[in-house]
Amino acid sequence: MNREKRYVMVVDTRLCVGCKACVLACKAENNTPDGFCRDWIVEDIWGLFPNLRAEIRSERCNHCSNAPCVDACPTGASHKVDGGIVLVDHDLCTGCKACIASCPYDARYVHPDGYVDKCTFCAHRVADGKTTACVAICPTKTLHFGDANDPQSEVAQLLASRRHKVLHPETGCEPNLYFLT
Amino acid sequence: MLPTLLEQTTTRVNAEIDPALHIWGWEIAVYLFLGGLVAGLLILSALLLWRPREQPPSRILQFAPLVALALLSLGMGALFLDLAYKLHVFRFYTAFRPTSPMSWGAWILVLIYPVAALSGLVALGPDARAWLLKKLPLGKVLAWAEGKRQALLGATLAGGVGLGIYTGLLLGTLTARIQWNTAVLGPLFLTSGLSSGAAFLLLFKLDEVDRHRLVRWDMLALVVEAVLIGAMLLGFANAGAAGQLAAEALLGGAWTASFWSLVVVMGIAVPLLLEGIEIKKHLPLVAVTPTLVLLGGLALRAVLLAAGQDSGFRMLP
């Protein structure tokens, strides 16, 4: 059967310890400039002492199905490729920053070379049949990457069997970064 | 009781993104202001020049479309300064993206140049024309433009309206910034541009009839602006948590003092009062009033630009 791929990342918040290996693996793989990161760790503490609950999340670009950055881009630099991955074509980017303002997740930044940069879901690795750098290094098996439209995939089965959420669903962007809770 | 978020920590410290988004500075505020001012100048000069006159109009009106182009170039210069990848500025013109307001704006800006330049030729009085024709071989162009006078002024009017609305829509469509997520921004920036345009013309020597019209149009625009600001705040009041966040910055938060003192009092209330007194007492207009209107227009852009950037979804629970 020929169906369209939808790449998603699934983050198991019950397993994440916030070790930041994903952050460093990304920096090493994608050579992100000093002081900038394409993925990061957020830790939420809920409740009132002593009844506290923590959630640790590895966050990055949500590669939204309905991506406002792609719509806001005046030159076509922000675009979608196979599997719904959102990429920035450096050669087309003017550094106008409309995409940064349009992103509800603040996942983008201006690279010191002038163009706008962000997580690529390691498209260069995925094209070679590999998984992303952050998923590959995760020591607690918190991170999973794959095609949600393939019912046999690990991510599809996790989403079918586990309770999950996305961040700010109210934006209507249909983000593709899922958090198991 | 549901647990509430007590503390959030993040390892992300990307420059200009964290701790609060600040990607657009004075360059964009100046650009939005000049864009609005130019829109106002184009609209008002097209309206005032609509009917051919027996006597040539005052000098500033003759030159208004060309002055608008000079100011537009300044504004585009500021826009250029803001670009992070300046060498790639030409990329705006190798594509047209209908979903992107920025793309519409880039094309509107270049379309305005020929239209306003030709209107500018038509608007010139006999003296200026004679001088220009001595310097440049524009006789044929001028004759052609004169034949299309009404069409050119109409196109200038349309270009001005498009530019004025665009400067507001540019921010208004970036819905990830909660405070800009209001349909009022387009009309608000257009109206503010109209009052800025009128104020700019009022700084110069004008015929009595034109001056009178411009003062009244300026007052009308200021009143509409005040109403639109009220509508914006009313909209926020009815938009749940997001609206509360958007209103907070202007009603008690970080931008309250500058918004109310510079935009509302200095830029709208005081000029309205002064213009009212001037009309009532038949006093000669002084430069103070239009200057305040212009500064208020700049402050409106600067405050909403800064406050809006700092109103992202990350601030919502």
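What share of the 317 residues of chain B count as buried? In this predicted model, the share is 51%, and for the 181 residues of chain A the corresponding figure is 61%. The points below take up each chain in turn and then the contact between them.

**Chain A**

- Chain A is built with 6 helices and 10 strands.
- A compact globule of 181 residues would be expected to have a radius of gyration near 16 Å, and because chain A has 16 Å, its value agrees with that expectation.
- When the C-alpha atoms of chain A are boxed along the principal axes, they fill roughly 50 × 45 × 35 Å.
- If one takes the contacts in chain A between residues at least 6 apart in sequence, 57% of these contacts join residues that are at least 24 apart.
- The accessible surface of chain A amounts to about 7700 Å², and carbon and sulfur atoms account for 52% of this surface.
- Chain A carries 20 positive and 22 negative charges, and the mean positions of these two groups lie 5 Å apart.

**Chain B**

- Chain B has 11 helices and 1 strand, and, when the chain is read along its sequence, the order of these elements is β-α-α-α-α-α-α-α-α-α-α-α.
- The radius of gyration of chain B is 22 Å, which is close to the 20 Å that the globule rule gives for 317 residues, so chain B is as compact as a globular protein of that length.
- Along its principal axes, the C-alpha trace of chain B extends over about 80 × 55 × 25 Å.
- Among the contacts in chain B with a sequence separation of 6 or more, 76% are between residues that stand 24 or more positions apart.
- Chain B has an accessible surface of about 14500 Å², and 71% of this surface belongs to carbon and sulfur atoms.
- The charges of chain B comprise 22 positive and 17 negative ones, and their mean positions are 10 Å apart.

**Where the two chains meet**

- The size of an interface is often expressed as the accessible area that is lost when the parts come together.
- Between chain B and chain A, the buried area is about 3800 Å², and carbon and sulfur atoms contribute 57% of it.
- On the side of chain B, the residues that lose the most area to chain A are Tyr85(B), Arg91(B) and Phe313(B), which together make up 16% of what that side buries.
- Counted by residues, the contact involves 40 residues from chain B and 48 residues from chain A.

Notes:
Residues are numbered from 1 along each chain as its sequence is written. Chains are lettered from A and ligands numbered from 1 in the order in which they are written. This is a predicted model: local features need pLDDT of at least 70, side-chain atom pairs count only at pLDDT 80 or more; totals for chains, interfaces and linings use all residues. Side-chain values use heavy atoms; hydrogens and water are left out. Helices (H or I, at least four residues) and strands (E, at least two) are DSSP runs, numbered from the N terminus. The radius of gyration is taken over C-alpha atoms; the globule rule is 2.2 Å times the number of residues to the power 0.38. Buried means under 20% relative accessible area, exposed over 50%, partly exposed in between (1.4 Å probe, protein chains only). Contact means heavy atoms within 4.5 Å. Accessible areas come from the Shrake-Rupley method with a 1.4 Å probe; for residues, only the protein chains shown count as cover. Lys and Arg count as positive and Asp and Glu as negative; His and the chain ends are not counted. The place of a charge is taken as NZ of Lys, CZ of Arg, CG of Asp or CD of Glu. Buried area is the accessible area (1.4 Å probe) that two parts lose on being put together, summed over both.
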